[in-house]
Amino acid sequence: MTTTCFNFSARDELARFIDERFEQYVQELTELVAIPSVAWESFDLDEVARSAQKVQELALDAGFDSAEVLTATYGKGQQGMPAVLASKPAAPGYPTFVLYAHHDVQPAGDLELWETEPFKAQQKGDRLFGRGAADDKAGVIAHLAAFRAVKAVLGDDFRAGVTLFIEGEEEAGSPSFDSFIATYREKLSGDYIVVADSANWRAGVPALTVGLRGVASGDISVKVSDHAVHSGVFGGPLLDANTVLIQLLATLHDPQGSVAVEGLISSPELEVEYSEEDFRADSGIVKSMKLAGKGSITSRLWSQPAISVIGMDITPVSEAANTLAATAKARISVRLAPGQDPAAAHSALARHCAENNLFGAEITYSAVDSGRPYKGEVDGDGAQLALASFAQAWGVEPVKTGLGGSIPFIATLTEVFPSAQILITGIEDPDTRAHSANESLFLPDFKKAILAEALMISSQCLDY
């Protein structure tokens, strides 16, 4: 049986060590940001390899016993992007912490929207700007810095095992993740898996993410005729495919904006208050725009399904002619409440499209992507250790939150390592703008996140 007594006797010494070397950690992060490691085929994949090599070098410098750059094949012999595995074995009777983050990043996007160069980290006040400065190269450096601090302060008394797992294709959908886990399962086995790829409640307030929505994306295709025809000659009796598609998409929500697809479930909500005023400020919503749905803001973000139209194949305005479109297509992204099976969600969406075909057009629904939701155990000793470490590092009570976004590979980890406890920690905050222009990291919380993780892996009172 596992017992935990949360021994934080080294807290002050760890804090001093981290504070004295914090500029070094920011510099290491700056060097990582300078590598445009976008793991998409349309970008230079040599940069992803260069980023992995840099992480390997940092891991060895931090004091890991070994560090390897590894890949796995998937699909029809395709090669996954390089990941880094580094390890320090546990002493007998002590647990192993698996520290996950990813070194790949989103593309920069429209450079005109950036106020700084995306791949040249720049500090403005308390924030460090740059692509990957937060998502998720800050997670990489937080793991390395925490490990370095504990190894230096505790020396031979550092008895917990630590495995560093830095993925190289998370932003590309982790296509080789399942294969990688299967290939290197023994190397990745541990008692606690710390995933540093989420967000804190807000600047100055840490959070442990205990619930994730899943995802089910799909394409809705509409066909009304064999070919496009003149709108003046045939318009009236024949509705164009664009109009039929728009009417069908409108049935996905009720007049209040709540999801209206039978079979998509909601889950119990977490007791965390998020005011409408704060939501409006954080989201940048237009002032005149009413909020959709019902229930608390956190329920609508974390515990209820959400449907968004994320793309449409219709005639662009620049090419518009007096023609009735024969076909149209939309891609929808559905965020699933914890407890929802993605396959059941796809079936519900297909059924809804068939039952709401008002004019009898040829309608097809095709599943594109799936990711299972996640619900963590907040009473486990791992979660309690994380929360206690946050309180020690920040000096304020941490918040247990959900996350409206999805991390589909979490479900894989829970299946492959059923006895491990998953701890999803935060590097970002509501002002981070991950995936957007002007991504940034709040440096005071970065330092505290390093200390919190150092406290977690240094707790010497875990008895197995």
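Let me start with strand β12, residues 214-223, which pairs with β17 in the antiparallel sense over nine bridges; what we are looking at throughout is a predicted model, and everything I say should be heard with that in mind. Within this pairing, Lys223 has Glu362 as its bridge partner in β17. As a reminder for the discussion of sheets, strands pair through backbone hydrogen bonds, and they can do so in either a parallel or an antiparallel arrangement.

If we widen the view, β12 and β17 belong to an open sheet of four strands, ordered β14-β16-β12-β17, in which the pairing is antiparallel. Which strands form the edges here? They are β14 and β17, the latter covering residues 362-371, and each of them pairs on one side only. From one strand to the next, the twist of this sheet averages 20°.

Two helices should be described together with this sheet. Helix α8, residues 241-250, lies across β12, β14, β16 and β17, and it runs at about 15° to β16, the strand at residues 327-336. Helix α11, residues 342-355, packs on the sheet as well, touching β12, β14, β16 and β17, and the direction of α11 makes about 165° with that of β17.

Staying in this region, I would like to turn to the surface, where Ile246, Val309, Met312 and Ile314 make a nonpolar patch of about 330 Å². One of these residues, Ile314, is found in the loop between β14, residues 306-313, and β15, residues 323-324. Is Ile314 buried, partly exposed or exposed? Its relative accessibility is 37%, and therefore Ile314 counts as partly exposed.

Let me now move to the other sheet I want to show, which is open, has three strands in the order β7-β8-β21, and is again paired in the antiparallel sense. Its edge strands are β7, residues 122-124, and β21, each pairing on one side only. Neighbouring strands in this sheet are turned by 25° against each other on average, with direction ignored. Between β8 and β21 there are three bridges, in the antiparallel sense, and here Leu128 stands opposite Leu441 in β21.

Helix α14 lies across β7, β8 and β21, running at about 65° to β21. Within α14, which spans residues 443-458, we find Ala454, and this residue is buried, with a relative accessible area of 0%. What is Ala454 in contact with, once its neighbours within four places in sequence are left aside? The contacts are Leu14, Ile18, Ala146 and Val150. For Leu14 in particular, the C-alpha atom is separated from that of Ala454 by 7.4 Å, although the two residues are 440 residues apart along the chain.

A contrasting case is Glu23, which lies in helix α2, residues 22-33, and is exposed, with a relative accessible area of 71%. Glu23 and Ala391 are 368 residues apart in sequence, and their C-alpha atoms are 24 Å apart in space.

While we are on burial, helix α13, residues 409-416, is mostly covered, since six of its eight residues are buried. These are Phe409, Ile410, Ala411, Thr412, Leu413 and Val416.

Finally, the charged pairs. How many salt bridges does the structure hold? There are 18, and I will go through some of them. The side chains of Arg131 and Glu439 meet in a salt bridge, at 2.7 Å from N to O. This pair links distant parts of the chain, 308 residues apart, with Arg131 in the loop between β8, residues 127-129, and α4, residues 137-154, and Glu439 in the loop between β20, residues 421-428, and β21, residues 440-442. Both Arg131 and Glu439 are buried.

In another salt bridge, Arg21 is joined to Glu20, with the closest N and O atoms 3.2 Å apart. Arg21 is partly exposed, at a relative accessible area of 28%, whereas Glu20 is exposed, at 60%. The side chains of Arg159 and Asp157 also meet in a salt bridge, at 3.7 Å from N to O; Arg159 is partly exposed, with a relative accessible area of 34%, and Asp157 is partly exposed too, with 42%. To end with a group rather than a pair, Glu28, Asp61 and Arg148 are linked in a network of salt bridges.

Technical notes: Residues numbered from 1 in each chain as written. Predicted model: local features only at pLDDT ≥ 70, side-chain atom pairs only at ≥ 80, totals over all residues. Heavy atoms only, no water. Patch = residues over 30% accessible without salt bridge, like charges linked within 9 Å, V, L, I, M, F, W, Y side chains within 5 Å. Areas by Shrake-Rupley, 256 points an atom, 1.4 Å probe, with all protein chains shown as cover. Salt bridge = Lys/Arg side-chain N within 4 Å of Asp/Glu carboxyl O. Buried < 20%, exposed > 50% of the residue type's maximum accessible area, 1.4 Å probe, protein only. Pairing = 2+ DSSP bridges. Axes fitted to C-alpha atoms, helices over the stretch in contact; angles between N-to-C directions. Contact = heavy atoms within 4.5 Å.
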